[in-house]
Every structure is written in structure tokens, then in C-alpha cells.
Amino acid sequence: MPGDKSISHRALMFSALAVGRSRISGLLEGEDVLATAAALRAMGARIAREAEGIWTVDGVGVGGLLQPGQALDMGNSGTSARLLMGLIASHPITATLIGDASLSRRPMARVIAPLSAMGADFQASPGDRLPLMVRGACPAVPIAYRLPVASAQVKSAVLLAGLNTPGITRVIEPVPTRDHSERMLAGFGARLTIGEEARARVIEIAGEAELRPQEIVVPGDPSSAAFFLVAATIVPGSDVTITGVGLNPTRAGLIAVLRLMGADIAEENPREMGGEPVADLRVRHAPLTGIEVPPELAPSMIDEYPALFVAAAFASGITRALGAEELRVKESDRIAAMAEALGAIGARVTEARDGLVIEGSGGAPLAGGATIATRLDHRIAMSLAVAALHCRAPVTLDDAAPVATSFPGFFAALDALAPSGC
């Protein structure tokens with residue numbers, strides 16, 4: 001699998017804030033991560049590619065970001081936009097963030113609210129969307145912020161702002177989200193503590209930090225692996241091993257849910273890479289049974305719901321995959337997009353406010369034969385490509401280009417594995 005997208009973004013950002021040279025191996029070279037690299041270069045970091053997946057970053061130190069000379073283009077990357085807003089918020093610089101049509105429709109209010117409380121000033125487009133201008137505060141004000149909705153991006157943005165804020169910045173998480181920022185910040189030497197308060201997770205970071213450069217190894221992306229886990233499960237006769245997949249507990253929800261449905265997924269060669277648990281995953285075709293997806297698992301698999309919806313379409317019985325209203329504000333409205341797409345290829349789908357109810361085919365192929373509107377969303381495109389592997393007629397994607405944002409080699413990998421004629 002390509003390198004983990006979430007970890008790749010953070011590796012670049014934290015390296016840019018360290019004093020000295022960091023080296024990153026396994027960096028995802030998708031368009032989203034490259035947008036982060038370009039923005040950090042514009043603010044003074046020296047970032048160079050040595051070989052495929054191997055990059056060096058000469059950081060400017062916390063507080064050392066420079067005024068960018070032009071607007072920072074986030075492309076399609078919500079992670080780049082939201083985390084960089086946090087990074088800029090406590091530096092004495094002003095930056096304008098722009099993005100493509102899809103990103104410009106995504107709301108940024110959840111990030112603007114806490115960063116404004118820290119003293120940053122925002123001028124956003126209507127609906128708190130991009131393009132927006134952020135003027136950092138120096139000094140920023142430390143806050144204690146309780147996340148109203150589970151969001152690793154909002155949490156990370158506040159922690160990034162806290163790095164250059166005098167005093168202690170606190171983030172309270174009623175529902176734990178992916179913890180890559182906390183793990184990596186600790187590795188870079190940030191003064192960070194994690195505790196519990198009234199059954200909520202509390203992360204505290206001390207400001208005016210001095211980060212040390214690191215050697216970082218990025219594990220394989222579990223969100224990218226999701227498509228091959230589902231493909232191998234639904235296509236009869238499959239037996240696929242996916243090597244070096246990150247199995248951080250805050251990201252492993254899909255594997256747990258697929259196993260509840262009956263999937264045959266074995267973890268082999270468990271190890272650690274860059275402070276993250278990793279294993280090879282061997283997945284073989286297995287009949288699936290519809291279930292009630294535990295809603296408490298949603299934060300640990302929010303990006304994998306489109307792939308889960310595909311698995312449910314081939315299960316026996318009904319799958320209720322709810323508790324994921326966050327899908328409405330991703331690169332597309334993924335609930336509506338997947339309901340439309342699966343319905344078009346013959347699945348029986350009912351759309352709910354916070355997810356889908358899907359009556360599966362019992363393992364039989366779906367009809368296929370439709371053209372799918374991918375809505376500039378890489379995960380919609382990849383999910384329907386996987387579903388097409390077990391359809392009676394070809395499925396056409398109206399635009400496959402967005403896949404390059406997270407998994408440039410996806411179609412080559414799928415072609416290498418797909419049965420003849422798929």
C-alpha cells in the first residue's frame with residue numbers, strides 16, 4: 001500500500017517545525033500530500049525528494065514560519081487546509097488558502113472556531129469556506145477546547161497552534177479519534193501529556209516547543225488497504241496479502257466490522273514502524289452476513305465507510321451502517337453519493353441521515369452496467385471500481401482522476417489482481 005496519508009501530512013508539518021533535517025521514508029506521493037509539501041516550502045521549509053517515497057525536510061523551527069508570497073493551494077486536501085490553518089494560527093504571518101471546487105464546498109467552521117478563540121483572525125468565503133485568509137496571532141492565547149464533534153483534524157489543528165502558544169493548550173475528546181498527531185509530536189520531543197477527565201480523553205501540549213528532527217517511517221495506509229480487503233472478500237476465489245498495513249487502534253474499525261460480518265482476515269508478521277503498529281493482512285474470499293454496525297466504531301473507520309457500503313451490498317441480509325453523519329461533509333456527500341452509485345448498479349439501498357441501510361445480494365453479482373458520478377471524490381471512485389469486480393456488466397466511472405489525490409497506483413494494483421475480464 002502507499003504510505004498512510006494522515007501520517008504523511010503530519011510527518012511533513014512536524015518536520016518543518018523542527019530545527020534541523022528530518023528524513024521521511026514511505027511518504028505518500030499523492031496530490032494531497034504534495035499540496036502540503038508545497039505550502040510548507042512557501043513558508044520557508046526546505047523539502048526535497050531523494051527517491052521514491054524518501055524525502056528530507058530542513059525545518060525552520062517552531063515560530064519560524066515565513067510569510068508566503070502567494071496563496072497556498074490546497075487542491076482537494078481537507079487535511080492540508082485544516083491542519084495548516086492551525087499551524088499558521090499562532091505564527092505572525094498572514095496566508096490565503098485556496099482549493100479546488102470540491103474543497104471549496106467543504107465547511108471550515110469547526111476549525112475556525114477554536115483557532116479564533118486563540119486569537120487568530122479569519123476572513124472566509126460565505127459559509128466559512130475556502131478561499132479564506134488567516135492572520136496568525138502572536139502571541140496566541142492557550143485554550144481548553146472540548147470537541148463538539150469527533151474530529152482528528154480539528155484536534156490536530158488546535159495542537160499545532162498550541163506548539164507556538166505560551167502556556168498549556170488543552171483538547172478534550174469525548175470520543176477518541178485517530179491519534180497520529182499525539183504519537184508523532186511525542187516522538188519529535190513536544191511536551192505532551194494524555195489523560196482522562198470525566199470519561200473524556202484530555203491532551204495537553206506545552207507551547208513554545210522545540211522539536212527535534214526525526215527519522216520517520218510511514219506505514220501503509222489502512223484507508224487504501226480497505227479497498228483490497230473488500231475486493232478480496234467479495235470476489236470468489238480470492239487470496240490476497242497486503243503488506244505493511246498500519247493497524248493503529250484508532251484506525252482499525254473497518255477490519256473489526258468486516259470480521260463481524262464474516263470476513264477472513266488474518267494478521268501476519270506484526271511489528272512496529274515509526275511508533276505505529278503494523279502487520280501484513282491476508283484476506284480470502286468469504287461469505288458475508290449483514291449486521292448492525294456498532295456506531296461507536298465510526299471515528300475509527302470514517303474514511304472507510306464507502307468501502308464498507310460495497311461489502312454490505314454483497315452480504316446476506318441487511319446491514320445498517322449508521323452513526324456516520326460526518327460523511328455528509330467529506331470530499332462529497334458520501335452518503336448520498338454511495339446511495340446513488342450502489343443503486344445504479346443494482347443494490348438495494350435506503351439512505352438515512354447518518355448512513356445507509358443496505359439489503360445485500362447474498363454474494364451474487366450485482367447488475368452493473370451504469371455510469372457512476374464520482375463527484376470529484378477519490379473514495380467514491382475506488383469503491384465503485386471494487387464493486388465492479390463482481391458485477392454482471394461493466395461499470396463506468398465518469399472521472400477517475402481524483403484517485404491520484406491518495407492512491408496514484410490504485411488502478412495498476414487492481415488490474416494486477418483482478419480476474420480476467422474484470
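This report describes a predicted model, taking its sheet, cores, pocket and cavities in turn.

## The E13-E15-E14 sheet

Three strands make an open sheet, and their order is E13-E15-E14. The pairing is antiparallel. Strand E13 (239–246) and strand E14 (264–273) are the edge strands, each pairing on one side only. From one strand to the next, the twist averages 15 degrees. Helix H8 (residues 253–261) packs on this sheet and touches E14 and E15. The direction of H8 makes about 155 degrees with that of E14.

The two pairings can be followed residue by residue. E13 and E15 are joined by 6 bridges and run antiparallel. Here Ile242 stands opposite Leu281 in E15. E14 pairs with strand E15 (residues 276–284) over 8 bridges, also in the antiparallel sense. On that side, Glu268 stands opposite Asp280 in E15. The hairpin of E14 and E15 has 2 residues between the strands. In this hairpin, Gly274 takes a positive phi near 55 degrees.

## Ala266 on strand E14

Ala266 lies in strand E14. Is Ala266 buried or exposed? The answer falls in between: Ala266 is partly exposed, because its relative accessible area is 24%, and buried would require under 20%.

Leaving aside neighbours within four places in sequence, Ala266 is in contact with Arg259, Asp280, Leu281 and Arg282. Ala42 is a distant reference point: it is 224 residues from Ala266 along the chain, and their C-alpha atoms are separated by 44 Å.

## Two nonpolar cores

The largest nonpolar core has 70 residues. Leu258, Tyr305, Leu308, Ile345 and Phe410 touch the most other members. Helix H7 (residues 222–234) gives the most to this core, with 9 residues. Another core, of 67 residues, lies apart from it. Its members include Ala81, Leu83, Ala89 and Ala157.

Which residues does Tyr305 contact, leaving aside neighbours within four places in sequence? They are Val293, Ala298, Ala321, Leu322, Ala324 and Leu327.

## Strands E16 and E18

One of those contacts, Ala321, leads to strand E16 (residues 318–321). E16 has two faces. Thr319 and Ala321 make up the covered face. Ile318 and Arg320 make up the uncovered one.

E16 pairs with strand E18 (residues 355–359) over 4 bridges, in the antiparallel sense. Ile318 has Glu359 in E18 as its bridge partner.

## Buried sites in E9 and H6

Thr169 lies in strand E9 (residues 168–173). Why does Thr169 count as buried? Its relative accessible area is 0%, and the cut-off for buried is under 20%. Not counting residues up to four places away in sequence, Thr169 touches Met118, Pro142, Ile143, Val158, Gly162, Ile203, Glu204 and Ile205.

Helix H6 (residues 180–188) also has buried residues: His180, Ser181, Glu182, Met184, Leu185 and Phe188. An α-helix has 3.6 residues a turn, so residues three or four places apart point the same way. Just after H6, Gly189 takes a positive phi of about 100 degrees.

## The largest pocket

The largest pocket holds about 700 Å³ of space. Its lining counts 39 residues. Ala150, Ser151, Ile302, Glu326 and Lys330 lie nearest its centre.

Several helices give two or more residues to this lining. They are helix H1 (5–16), helix H3 (78–89), helix H4 (109–117), helix H5 (152–162) and helix H11 (378–388).

## Enclosed cavities

Rolling a probe the size of a water molecule over the atoms shows where empty space is left. How many cavities of 30 Å³ or more does a search of the whole structure find? It finds 3. The largest cavity holds about 70 Å³ of space.

The lining of the largest cavity is made by Pro222, Leu229, Val245, Gly246, Leu247, Asn248, Arg251, Ala252, Leu254, Ile255, Leu281 and Glu304. H7, E13 and H8 each give two or more residues to it. Several of these parts appeared above. H7 gives the most residues to the largest core, H8 packs on the sheet, and E13 is one of the edge strands of that sheet. Leu281, a lining residue of the cavity, is the residue opposite Ile242 and a contact of Ala266.

Technical notes. Residues are numbered from 1 along each chain as its sequence is written. This is a predicted model: local features need pLDDT of at least 70, side-chain atom pairs count only at pLDDT 80 or more; totals for chains, interfaces and linings use all residues. Side-chain values use heavy atoms; hydrogens and water are left out. Two strands pair if DSSP finds at least two bridges between them. Axes are lines fitted to C-alpha atoms, for helices over the stretch in contact, and angles run from 0 to 180 degrees between N-to-C directions. Contact means heavy atoms within 4.5 Å. A nonpolar core is a set of buried Ala, Val, Leu, Ile, Met, Phe, Trp, Tyr and Cys residues joined through side-chain atoms within 4.5 Å. Buried means under 20% relative accessible area, exposed over 50%, partly exposed in between (1.4 Å probe, protein chains only). On a 1 Å grid over the protein atoms alone, a cavity is a set of points where a 1.4 Å probe fits but cannot get out, and a pocket is an open set with protein on both sides within 12 Å along at least five of seven lines; lining residues have an atom within 4 Å of a point. Grid points are joined across faces, edges and corners, and a volume is the space filled by probe spheres set on the points.
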